[in-house]
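These are my notes from a first look through a structure that was new to me. I kept them in the order in which I looked things up.

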Amino acid sequence: GHKTGAPSSVTYSTVVSRDSVRILLTIAALNELDILGADVQNAFLTAPNKEKVWIRAGPEIGPEEGTVFLVTRALYGLKSASASFRAFMAEKLDDMGFKSSYADPDVWLRAATKAD
């Protein structure tokens, strides 16, 4: 079948550094701040796929076997999936007023006041 060339855009995603996590936990502890964490199930599926990827359906699809589909979401396993998800997440965080740190672009901050 037809194979498309490698994506010309960025295909990797950065990760927050261990040192950044340790510094943020220390700052939070010293200032009695709450720490929140999340694990997004099927995270890549929330991000649009920026590359044109076509697949031919296999026998597990049933009567649609052999049909060619355009992949519109950043599926796990695609070369550009993590970069697509990171760009999508960065856009959403920016929309909520968070700003990426200069020291570590995967640390996002938003100014807030703590109620006493």
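Is Asp106 buried or exposed? I looked this up first, keeping in mind that the model is predicted, and I found that Asp106 is buried, with a relative accessible area of 17%, which falls under the 20% cut-off for that word.

**Entry on the salt bridges**

I then asked what Asp106 pairs with, and I found a salt bridge to Arg86, in which the closest N and O atoms are 2.9 Å apart. The two partners come from distant parts of the chain, since Asp106 sits in the loop between β3 (99-100) and β4 (108-109) while Arg86 belongs to helix α2, and 20 residues separate them. I noted that Arg86 counts as partly exposed, at 23% relative accessibility.

The count for the structure is two salt bridges, and I wrote down the other one as well: the side chains of Asp94 and Lys99 meet at 3.1 Å, taken from N to O. For Asp94 I noted a relative accessibility of 39%, so this residue counts as partly exposed.

**Entry on Asp104**

Which side chain of opposite charge is nearest to Asp104? I found that it is Arg86, at 6.9 Å, and that Asp104 is buried yet has no salt bridge. That distance is beyond the 4 Å limit for a salt bridge, so the two are not counted as one. Asp104 is placed in the loop between β3 and β4, and Asp106 lies in the loop between β3 and β4 too.

I went on to look for polar atoms around Asp104, and I found the backbone nitrogen of Ser17 at 3.1 Å from a polar atom of the Asp104 side chain. The side chain of Ser17 in turn has a polar contact of 2.9 Å with the side chain of Ser20. Ser20 belongs to helix α1, and I noted it as buried, with a relative accessible area of 13%.

**Entry on the aromatic rings**

How many aromatic pairs does the structure hold? I found two. In one of them, Phe44 and Tyr76 have ring centres 5.9 Å apart and planes at 25°, and I recorded the pair as stacked because that angle is under 30 degrees. Phe44 lies in the loop between α1 (18-30) and β1 (48-56), whereas Tyr76 lies in the loop between β2 (68-73) and α2 (81-95), so that this pair links parts of the chain 32 residues apart. Tyr76 is exposed, with a relative accessible area of 76%.

The other pair joins Phe44 to Phe85 and is tilted, with 6.0 Å from centre to centre and 50° between the planes. Here too distant parts of the chain are linked, as Phe85 is in helix α2 and lies 41 residues from Phe44. I noted that Phe85 counts as buried, at 17% relative accessibility. Taken together, the ring pairs link Phe44, Tyr76 and Phe85 into a cluster.

**Entry on the surface**

Last, I asked which residues make the nonpolar surface patch of about 430 Å². I found that Val15, Val16, Val21, Leu25 and Ile35 make it. I followed up Ile35, which is found in the loop between α1 and β1, and which is exposed, with a relative accessible area of 52%. The loop between α1 and β1 also holds Phe44, and I marked it as a place to return to in the view.

How values were computed: Residues are numbered from 1 along each chain as its sequence is written. This is a predicted model: local features need pLDDT of at least 70, side-chain atom pairs count only at pLDDT 80 or more; totals for chains, interfaces and linings use all residues. Side-chain values use heavy atoms; hydrogens and water are left out. Rings of Phe, Tyr and Trp (its six-membered ring) pair if their centres lie within 6.5 Å; planes under 30 degrees apart count as stacked, over 60 as edge-to-face and the rest as tilted. Helices (H or I, at least four residues) and strands (E, at least two) are DSSP runs, numbered from the N terminus. Buried means under 20% relative accessible area, exposed over 50%, partly exposed in between (1.4 Å probe, protein chains only). Patches are made of residues with over 30% relative accessible area and no salt bridge: like charges are joined within 9 Å, nonpolar side chains (Val, Leu, Ile, Met, Phe, Trp, Tyr) within 5 Å. Accessible areas come from the Shrake-Rupley method with a 1.4 Å probe; for residues, only the protein chains shown count as cover. Lys and Arg count as positive and Asp and Glu as negative; His and the chain ends are not counted. A polar contact is a pair of N or O atoms within 3.5 Å; within protein, one must be able to donate a hydrogen and the other to accept it, and residues adjacent in sequence count only if both atoms are side-chain atoms.
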